[in-house]
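Let's take a walk through this fold, going from a single helix to a helix pair and then on to the aromatic rings. Keep the viewer open as you read.

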Amino acid sequence: MNETAARHVTLVRALETAAPSDATWTAADAAWASRAAAEVVGEGADADRFLARRGQLAVERLGDRAKAFKRLASGRNWRPWVGSVLVALSFALGVLMDAVGPTRYVNLLAFPLLGLIVWNLLVYLGILVHGITDPFRSKRPGKGLLRRAVARLGGALHEGIPDAGQGTPGTRFRAEWARVSAPLTARRVGRVLHLGAMAFALGAIAALYTRGLVLHFQAGWESTFLDASQVHQALSLLLGPASSLTGLPIPDATHLETLRLPENQGENAAPWIHLFATTLVLTVVLPRAILALLSGFAARHLERHFPLPLTDSYFQGLQRSYTGQGAQLHLVPYSYELSPATALQLKEAIVSAFGPRATLHLSPPIAFGEEDTLPASAAPGVGTTLAVALFSLAATPEDENHGSFLTALSATLPPGTPLAALVDEGSFLARFAGQPERLEERRRTWTRLFEKHAIEPAFVNLDAAPASVADSLTRLIDLSARKEAAR
């Protein structure tokens with residue numbers, strides 16, 4: 001699915017998950033969009049094609065009703081002109097930069113261009129470290145002030161917008177779109193920053209040679225701690241590639257000693273300007289151009305193959321309605337047995353959350369101390385939407401038992417099946433009614449166990465109304481599926 005189709009799908013999702021009081025888009029409209037899209041794409045089409053066509057049909061119908069949603073659907077996630085303006089501004093700043101310094105002496109150890117080269121080398125080191133450590137870090141958008149500023153100028157970052165689960169459909173859409181388009185925005189911002197750095201360097205080089213046509217520059221060096229041989233080694237390391245490419249030699253230590261300031265007057269700076277300008281091209285212009293090209297290719301790929309997450313309960317429900325399949329939940333109680341009434345209540349909640357085709361497989365409870373060897377009935381089958389470990393809040397969590405059970409159950413999961421935890425608070429609430437501090441303390445204890453095993457939990461009273469339990473199950477599927485997809 002391309003970026004435009006993903007934008008349409010996200011907008012329709014915001015409408016269909018909004019409060020029922022919003023009459024802009026009704027349940028009848030949603031059913032029509034699903035039916036019409038299924039007829040157009042035919043049987044056997046993949047989920048992307050079905051969802052993209054459904055979003056297109058829905059947006060066409062919405063466009064006839066509300067101009068605001070039509071503008072949202074046709075809007076851009078990125079303003080292309082922003083990148084062009086920033087690159088042009090970077091070139092102008094490079095031209096205005098005093099590349100030589102406040103005097104007409106080119107100090108070989110304090111040359112502003114030298115600082116520009118070193119800064120870019122540090123940036124490349126940061127990019128390398130980021131690439132190596134990226135698989136081990138949480139997948140969060142970059143927090144850099146410069147990146148955020150460029151993203152805001154480009155129209156891809158919305159400050160002050162609440163979570164996607166709050167607010168009006170338009171607000172929900174903007175928040176959700178900013179989240180799902182973050183990878184594409186990062187590539188676009190990266191391309192602009194690389195082109196800007198390249199343009200700044202080109203501007204500095206252009207200004208340097210332009211000023212050299214009408215002004216005379218002398219080159220020399222001064223240092224409190226370095227002698228001529230050490231300066232020779234440093235300049236050979238930095239300017240060596242440019243010297244090989246241009247054929248301009250780097251003077252030896254004896255010659256460099258005659259350029260030491262303020263004892264000497266230095267020499268004509270033209271050869272040194274050529275060396276530094278060539279080094280700037282090799283270390284800034286060319287690498288930045290390559291990085292910008294790679295970012296551009298990555299952005300173009302994401303525009304054509306937009307990474308819209310289709311693992312949450314909303315998209316899974318649409319896909320099941322298209323294929324005629326139902327959600328399958330696999331529940332494994334540990335040291336806890338559901339009463340027949342509670343089990344029936346739970347089944348009603350699952351149907352309420354995932355439709356009449358949803359099924360619940362309730363495994364026989366695993367006894368305390370038998371978590372190391374789970375029976376075959378505890379293993380979820382292929383195609384399970386969500387596997388759920390069921391506990392009672394009345395129990396005190398112990399990692400050597402409850403944690404071992406979670407580890408053993410995780411080992412039985414088919415590939416791609418998320419695992420979550422459901423903690424029934426019913427008996428605990430009945431025993432400690434009117435003591436909310438004990439409830440919070442016990443929740444925190446269980447939460448620490450789940451965090452250790454990287455499992456999303458939900459604390460619910462299974463004897464409560466099915467609708468509240470259904471909401472918790474839906475949230476569990478969304479969070480667990482996203483965590484599974486990020487692995």
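**Helices first, then rings**

The crossing of H9 and H12 is left-handed, and keep in mind that this is a predicted model. H9 covers residues 182–214 and H12 covers residues 270–304; they pack at an angle of about 160°, with their axes 8 Å apart. That angle makes H9 roughly antiparallel to H12. Sort the residues of the contact between H9 and H12 by class and you get 23 nonpolar, five polar and five charged.

For a quick geometry check, go back to helix H2, residues 27–41. At 1.5 Å a residue, its 15 residues should span 21 Å, and the end C-alpha atoms are indeed 21 Å apart, so the two agree. Buried residues in H2 include Asp-29, Ala-33, Ser-34 and Val-41. Right after H2 comes Gly-42, with a positive phi near 80°.

Now for the rings: the structure holds ten aromatic pairs. One of them is Trp-177 with Phe-306, stacked at 5.0 Å centre to centre with 10° between the planes. Trp-177 sits in helix H8 and Phe-306 in the loop between H12 and H13, so this pair links parts of the chain 129 residues apart. Both Trp-177 and Phe-306 are buried.

Tyr-334 and Phe-391 make another pair: their ring centres are 6.2 Å apart and their planes stand at 65°, so this one is edge-to-face. Because Tyr-334 is in the loop between strand E4 and helix H14 while Phe-391 is in strand E6, the pair ties together parts 57 residues apart in sequence. Tyr-334 and Phe-391 are both buried, and they belong to one aromatic cluster with Phe-368, Phe-405, Trp-446 and Phe-450.

Technical notes
Residues are numbered from 1 along each chain as its sequence is written. This is a predicted model: local features need pLDDT of at least 70, side-chain atom pairs count only at pLDDT 80 or more; totals for chains, interfaces and linings use all residues. Side-chain values use heavy atoms; hydrogens and water are left out. Helices (H or I, at least four residues) and strands (E, at least two) are DSSP runs, numbered from the N terminus. The expected span of a helix is 1.5 Å times one less than its number of residues. Buried means under 20% relative accessible area, exposed over 50%, partly exposed in between (1.4 Å probe, protein chains only). Axes are lines fitted to C-alpha atoms, for helices over the stretch in contact, and angles run from 0 to 180 degrees between N-to-C directions. Angles under 35 degrees count as roughly parallel, over 145 as roughly antiparallel, 65 to 115 as roughly perpendicular and the rest as oblique. A crossing is left-handed if the near helix is turned anticlockwise from the far one by less than a right angle, and right-handed if clockwise. Ala, Val, Leu, Ile, Met, Phe, Trp, Tyr, Cys and Pro count as nonpolar, Asp, Glu, Lys and Arg as charged, and the others, Gly among them, as polar. Rings of Phe, Tyr and Trp (its six-membered ring) pair if their centres lie within 6.5 Å; planes under 30 degrees apart count as stacked, over 60 as edge-to-face and the rest as tilted.
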